[in-house]
Amino acid sequence: MKHIRIKARPNKWHKNDCPFCHKSCPAYDKHSSRPTTWRGLDWGGILVEVEYQTHRIICLEHGVYVAEVPWAYPGSRFIKDFDLTVAWFASYLPRSTTSYFMRVDWETVGRCVNRALHDLEPERSRRLDGLVNIGIDETSYKKGHKYITVIVNHDTNTVVWASEGHGKSVLEKFYKQLTPEQLSSIKVVTGDGAKWITECVNEYTPDCARCVDSFHVVEWAMTALDEVRKDIWHDACSEYKQVKKDNPCGKGRPKKDDPELAIVKAAKADEIKGSAYMIKVLCFLFDTKYHMQYIISF
């Protein structure tokens, strides 16, 4: 495979800097005999690498580490632009898509995000400023009962807070770190029917509206519709079996006024045909037109 390898070195005044505190430290050993390479952003489909013979320094605060290089984060085998690009893609695309496009491992995407996070968002507490419409939900992230609580900003469609676990004790961590001004700015809180969400909303933001989000409205409606469909199908099936037992039919195509044919048509549940599609359309139009102001409220 064709690739470009660039030989680089840091400024001589900073060649012994600590990668964490950026202070000049005494050298611990000589330059390595084999050069270290860092992968850069591809150039027209050609692999680009940066090469340098690293050495270690001894820091009084952090200990023995490889000396800092200005083009890469500590412990990374990619240049900073590569890590920043992966982090930007990961904020808009699924991790699997990002790993495929950047030609890296699925888990490498997460490490790139962790390294570039400070540069992309040095003050993460600013996410909690100016919250007006927020959504709260929990989801499982591993096999078994391992949950994570996520809070999103509906106005920017971004995640503003997340924590392992679920329940009132976890959600209280979010509310307790908000200032009185941040609490007063929240006007709408969406979520499922969990009691612990309602209790936290009533305790910390009693003046805001507690709403059911459109996802759970559709989910509950579809579940109820499916139960109705099953009941209608079972009733029609039982009736069909009884009619078939009372009126045994002969060979050939049945007539239009045949009672068995009517029972078969009834088993199709025509009265609820297309209901699922209409529920989705109505919820989409409702959510698009009225946004967050007229959602079904508790």
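The expected span of a helix is 1.5 Å times one less than its number of residues. Keep that in mind, everyone, for the first stop on our tour. And a reminder before we go: this is a predicted model.

So, helix α3. It covers residues 106-120, and for those 15 residues the rule gives an expected span of 21 Å. The C-alpha atoms at the two ends of α3 are 21 Å apart, which agrees with that expectation. There is a bend along the way, though: α3 turns by about 30° at N114.

How does the N-terminal end of α3 look? D105 caps it, with a side-chain oxygen 3.0 Å from the backbone nitrogen of E107.

Which residues of α3 are buried? They are T108, V109, G110, C112, R115 and A116. The partners they pack against are α1, residues 80-90, and α2, residues 95-102.

Now let's move over to my other favourite, H55. You'll find H55 in the loop between β3 (47-52) and β4 (56-59). Is H55 buried or exposed? Its relative accessible area is 6%, and the cut-off for buried is under 20%, so H55 counts as buried.

What surrounds H55? Setting aside neighbours within four places in sequence, H55 contacts K15, N16, A27, D29, K30, H31, Y65, V66 and A67. Let me pick out two of those. With N16, H55 makes a side-chain to side-chain polar contact of 2.7 Å. As for H31, it sits 24 residues away from H55 along the chain, yet the C-alpha atoms of the two are separated by 4.4 Å.

That's my tour, thanks for listening!

Technical notes
Residues are numbered from 1 along each chain as its sequence is written. This is a predicted model: local features need pLDDT of at least 70, side-chain atom pairs count only at pLDDT 80 or more; totals for chains, interfaces and linings use all residues. Side-chain values use heavy atoms; hydrogens and water are left out. Helices (H or I, at least four residues) and strands (E, at least two) are DSSP runs, numbered from the N terminus. The bend at a residue is the angle between axes fitted to the seven residues ending there and the seven starting there. Buried means under 20% relative accessible area, exposed over 50%, partly exposed in between (1.4 Å probe, protein chains only). Contact means heavy atoms within 4.5 Å. A polar contact is a pair of N or O atoms within 3.5 Å; within protein, one must be able to donate a hydrogen and the other to accept it, and residues adjacent in sequence count only if both atoms are side-chain atoms.
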